[in-house]
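Visitor: Could you take me through the inside of this protein, with a close look at the empty spaces in it? I'd like to know what lines them and what the packing around them is like.

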Amino acid sequence: MEYQARIDAALQRLHDEGRYRTFIDIERHRGHFPHATWRRADGTDRPVTVWCGNDYLGMGQHPVVLAAMHEALDAAGAGSGGTRNISGTTVYHKALEAELADLHGKEAALLFTSAYIANDATLSTLPRIFPGLIIYSDALNHASMIEGIRRNGGQKRVFRHNDVAHLRALLEADDPEAPKLIAFESVYSMDGDFGPIAAICDLAEEFGALTYIDEVHAVGMYGPRGGGVAERDRLLHRIDIVNGTLAKAYGVMGGYIASSAKMCDAIRSYAPGFIFTTSLPPAVAAGAAASVRHLKTDTALRAAHQTQAKILKLRLKGLGLPIIDHGSHIVPVIVGDPVHTKKLSDMLLEGFGIYVQPINYPTVPRGTERLRFTPSPVHGPKEIDALVSAMDQLWSHCALNRAELSA
């Protein structure tokens, strides 16, 4: 077996399709987000503005978060020392779970090292708790949800994206006595559209199904206290399990579920992805708890975030660019070709110091490749002006000229 040749061939396929991904080495500067330093391959440094970060509100540099992390680091040291079952449960973890349970109006919350692991571990474990469980999954659910459902060994049904009529047809076709769960998202991060939460909850009640919502791209940013779209729409009481992240709007790291005390206890007791994973460092848990606590009251920051997103979308629409606008904070500009998308990304970085990564298949369907901009309260008029000017120049003179882009 020519192992090296197989590796080379696999990597070459990505290059040939324009889907090979490269890391951009950046150094973020506290107090100056979204500005950072790009360490180039030749060892030289160049200033860049980050337009593709998930630190949606700039909380990764907030003094409240940093102070809590410093205090916990000085008090408890670096790591947690083990899994949650073996010395890795600290007062910081319990405090964070209490904040998260309160955020979503649930009895309990359960921490994981990432929202990916939270989705994967929970959805793969539920059939062990509910034998015969059928999971109904939106076609555009995140890879972590798809993987968890795939691995659980139970039955699954995939309904067309946000198609409530198709979901109803699938529910009607199954045994009414079988346990059921509907898994979907509140904000789908590639197009920025919203899930029909109320309509799905209506079907769940009609057919006796549990509801599982991924609020990863909504927690901290929507709702009176940042509890997500379900809180904004006053539907939290109709959701059985909420999945969220601490690595986006909250600016730190980690993921979680919030649910009933018994549901969290069951997942805690059965999910290998929880049982056998070292817990978050105490300083990370402390910083996340401080961020969640702060954003429960900082409505001005949430409002500023929405305002900046609206301004950027309006400016890009004014250029005639093919953006997708579903009313969320996500700003995708469709390019439609992986090679051209990568070229645009490279041109923005090299020519204008603007860092935005290309989004290609399999993250999005072929033919819908895009640049996805994530404006935030720390992207001011100067940064928006620079981005709009750069996109205007590139789109007008280069992006539509495929021969030049392919050169």
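Guide: Here's a walk through the cavities, then the cores, and then a few spots in the backbone.

Keep in mind that this is a predicted model. The structure has two cavities of 30 Å³ or more. Let's take the largest one, which holds about 90 Å³ of space. Around it you'll find Arg84, His93, Leu111, Phe112, Thr113, Gly273, Phe274, Thr277, Thr278, Ser279 and Leu280. Two elements give two or more residues each to that lining: strand 4 (108-112) and helix 10 (272-275). Sort the lining by class and you get four nonpolar residues, six polar and one charged.

On to the second largest cavity, with a volume of about 50 Å³. Its wall is made by Thr22, Ile24, Lys342, Ser345, Asp346, Leu349, Tyr355, Val356, Gln357 and Pro358. Helix 13 (residues 338-352) puts in the largest share, four residues. In this lining, five residues are nonpolar, three polar and two charged.

While you're at helix 13, have a look at Thr341, which sits in that helix. Thr341 counts as buried because its relative accessibility is 0%, and the cut-off for buried is under 20%. Setting aside residues up to four places away in sequence, Thr341 touches Val335, Gly336, Pro358, Ile359, Asn360, Glu369, Arg370 and Leu371. One of those contacts, Pro358, is also part of the lining of the second largest cavity.

Carry on from there to Pro362, in the loop between strand 15 (358-359) and strand 16 (370-373). The peptide bond leading into it from Tyr361 is cis, with omega near 10°. There's another cis bond between Phe33 and Pro34, with omega about 10°. Pro34 belongs to the loop between strand 1 (26-28) and strand 2 (35-39). It's in a loop, but is Pro34 buried or exposed? Buried, because its relative accessibility is 8%. Beyond residues up to four places away, Pro34 touches Val48, Thr49, Val50, Val378, His379 and Glu383. Pro375 is 341 residues away from Pro34 along the chain, and yet their C-alpha atoms are separated by 9.5 Å.

Now for the packed parts. Nonpolar side chains tend to be buried together in soluble globular proteins. Here the largest nonpolar core has 54 residues, and the ones touching the most other members are Leu96, Leu100, Ile182, Ile197 and Leu246. Pick Ile182 and check its surroundings: leaving out neighbours within four places in sequence, it's in contact with Tyr136, Phe159, Leu167, Leu171, Ile200, Ala204, Ala209, Leu210, Thr211 and Tyr212. Apart from the largest core there's another, of 29 residues, with Ala36, Cys52, Ile354 and Phe373 among them.

Two loop residues are worth a click for their backbone angles. Ser87 isn't a glycine, but its phi is positive, at about 70°. You'll find Ser87 in the loop between helix 2 (63-76) and helix 3 (91-103), and at 52% relative accessibility it counts as exposed. Asn162 also has a positive phi without being glycine, near 55°. Asn162 sits in the loop between strand 6 (155-159) and helix 6 (164-173), and with a relative accessible area of 25% it's partly exposed.

Zoom out, and the protein's secondary structure comes to 15 helices and 16 strands. Among its 407 residues, 53% count as buried. If you look at contacts with a separation of 6 or more, 70% of them are between residues 24 or more positions apart. The C-alpha trace spans about 60 × 55 × 55 Å along its principal axes. A compact globule of 407 residues would have a radius of gyration near 22 Å, and the protein has 22 Å, so the two agree.

Methods
Residues are numbered from 1 along each chain as its sequence is written. This is a predicted model: local features need pLDDT of at least 70, side-chain atom pairs count only at pLDDT 80 or more; totals for chains, interfaces and linings use all residues. Side-chain values use heavy atoms; hydrogens and water are left out. A nonpolar core is a set of buried Ala, Val, Leu, Ile, Met, Phe, Trp, Tyr and Cys residues joined through side-chain atoms within 4.5 Å. Buried means under 20% relative accessible area, exposed over 50%, partly exposed in between (1.4 Å probe, protein chains only). Contact means heavy atoms within 4.5 Å. On a 1 Å grid over the protein atoms alone, a cavity is a set of points where a 1.4 Å probe fits but cannot get out, and a pocket is an open set with protein on both sides within 12 Å along at least five of seven lines; lining residues have an atom within 4 Å of a point. Grid points are joined across faces, edges and corners, and a volume is the space filled by probe spheres set on the points. Ala, Val, Leu, Ile, Met, Phe, Trp, Tyr, Cys and Pro count as nonpolar, Asp, Glu, Lys and Arg as charged, and the others, Gly among them, as polar. The radius of gyration is taken over C-alpha atoms; the globule rule is 2.2 Å times the number of residues to the power 0.38.
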